[in-house]
Amino acid sequence: MPHRDDAFFMRRALELAVQGAGSVSPNPMVGSVVVHNQEIIGEGYHQKFGGPHAEVNAIASVIDEQKLREATLYVTLEPCAHFGKTPPCSDLIVQKALSRVVIGCRDPYIEVAGKGIARLQAAGIAVTEGVLEAECLKSNEAFIKSHTTGLPFVTIKLAQTLDGKIATSLGASHWITGEEARGEVHRLRSIYDAVLVGEATVRADDSQLTVRYCEGRNPLRVVLDRRMRLPLDANIFDTAAPTILFASSSWERLPKVELLRSRGVTVLFVNEHAEELDLRQVLVELHKRQVLSVMVEGGSRLSASFVRAGLVDKMLMFIAPKLFGGDGLSSFAPLGVSTPDQSLNLRFEPPHFFGSDVLLEAYITA
């Protein structure tokens, strides 16, 4: 049974977990605290892929072995029960003979998926599940989708005016939002595995799609260039970060392919339908390469294509207090909506402000 303060200590574990953002994928972000007589005596989080897990770091931080045996361990995700890059965390917990373990949510990974909990219970350790479960699931939404669907978690990022315009009638979009909002976009890039754009966006902005306004890793850059029309000197083909280019299978023999590959660009070919690349096939190929999360930073046409294909999980809308009116370019190309009941439905999360701009986070509900 949950105890009165379980949520308090699990919230601290969640605060620790997010410190691994951008460093642990394709592993999940996990935080853990060790509590003795309502006092935190140890804590840790999964810091980098291949490194010790959160429970290991939390247990290692405890000095008093006697208190450890009498303590409760809080962890945001079920302890692993298999040998991977590190030994099973459930075995360590049993070895240290902790009295109780509180778990935020179960691990969907087939090698764990309840086995960690069963290992603890078989050793006589009291286990409480589901404390702040919704928050724990959300903290690892990309990892969980990856292991339940075999596809990456897809977010569409938009910077738009209050009336839903991403550019003027002449295509000008620098800058709709302010510097603080742009800094947050770079932070988001640093924690997503990949940033995806279309050929039109690269032509318009010639962006590097790297992280420059904050510290953090550069994401994998993914560009959809169906007919391979982008110039070889485009910034997205530089060596600042790895790049994958997806093109139509009909252009596989183009000499440009080997030129790009000689510069370190990965070129992959997928099917096309109605002059658009097969986006699901693109995501499948990315998932094969351990890409668990994708942020789409394309234009209205690419965003609409992802929506129409039913491949979007979340939207991040940075909204500036500006109006372009009917002269501007809408955030989405036509979606085929003719009556209100055909619309895509969303669920808003609480808003966040960055300077004078507001960020709306919305999940697809239907």
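1. Two strands count as paired if DSSP finds at least two bridges between them. In this predicted model, S1 and S2 pair over six bridges, in the antiparallel sense. One facing pair is Val-35 and Ile-40, the latter in S2.

2. Now the sheet as a whole. It is open, has five strands and runs in the order S2-S1-S3-S4-S5. The pairing is mixed. Its edges are strand S2 (39–45) and strand S5 (126–129), each of which pairs on one side only. From one strand to the next, the twist averages 20°. As background, strands of a sheet pair through backbone hydrogen bonds, either parallel or antiparallel.

3. A helix covers part of this sheet's strands by contact: helix H5 (residues 115–122) packs on the sheet and touches strand S4 (100–105) and S5. The direction of H5 makes about 150° with that of S5.

4. Back to S1, and one residue in it. Ser-32 lies in strand S1, which spans residues 31–36. Is Ser-32 buried or exposed? Ser-32 is buried, because its relative accessibility is 0% and the cut-off for buried is under 20%.

5. What does the side chain of Ser-32 reach? It reaches the backbone oxygen of Tyr-74, at 2.8 Å. Tyr-74 is also on the contact list of Ser-32, together with Leu-73 and Val-75. Other residues that Ser-32 touches include Ala-13, Leu-16, Ala-54, Glu-55 and Ala-58. Gly-42, Glu-43 and Gly-44 are on the list too. Residues up to four places away in sequence are not counted there.

Conventions. Residues are numbered from 1 along each chain as its sequence is written. This is a predicted model: local features need pLDDT of at least 70, side-chain atom pairs count only at pLDDT 80 or more; totals for chains, interfaces and linings use all residues. Side-chain values use heavy atoms; hydrogens and water are left out. Helices (H or I, at least four residues) and strands (E, at least two) are DSSP runs, numbered from the N terminus. Buried means under 20% relative accessible area, exposed over 50%, partly exposed in between (1.4 Å probe, protein chains only). A polar contact is a pair of N or O atoms within 3.5 Å; within protein, one must be able to donate a hydrogen and the other to accept it, and residues adjacent in sequence count only if both atoms are side-chain atoms. Contact means heavy atoms within 4.5 Å. Axes are lines fitted to C-alpha atoms, for helices over the stretch in contact, and angles run from 0 to 180 degrees between N-to-C directions.
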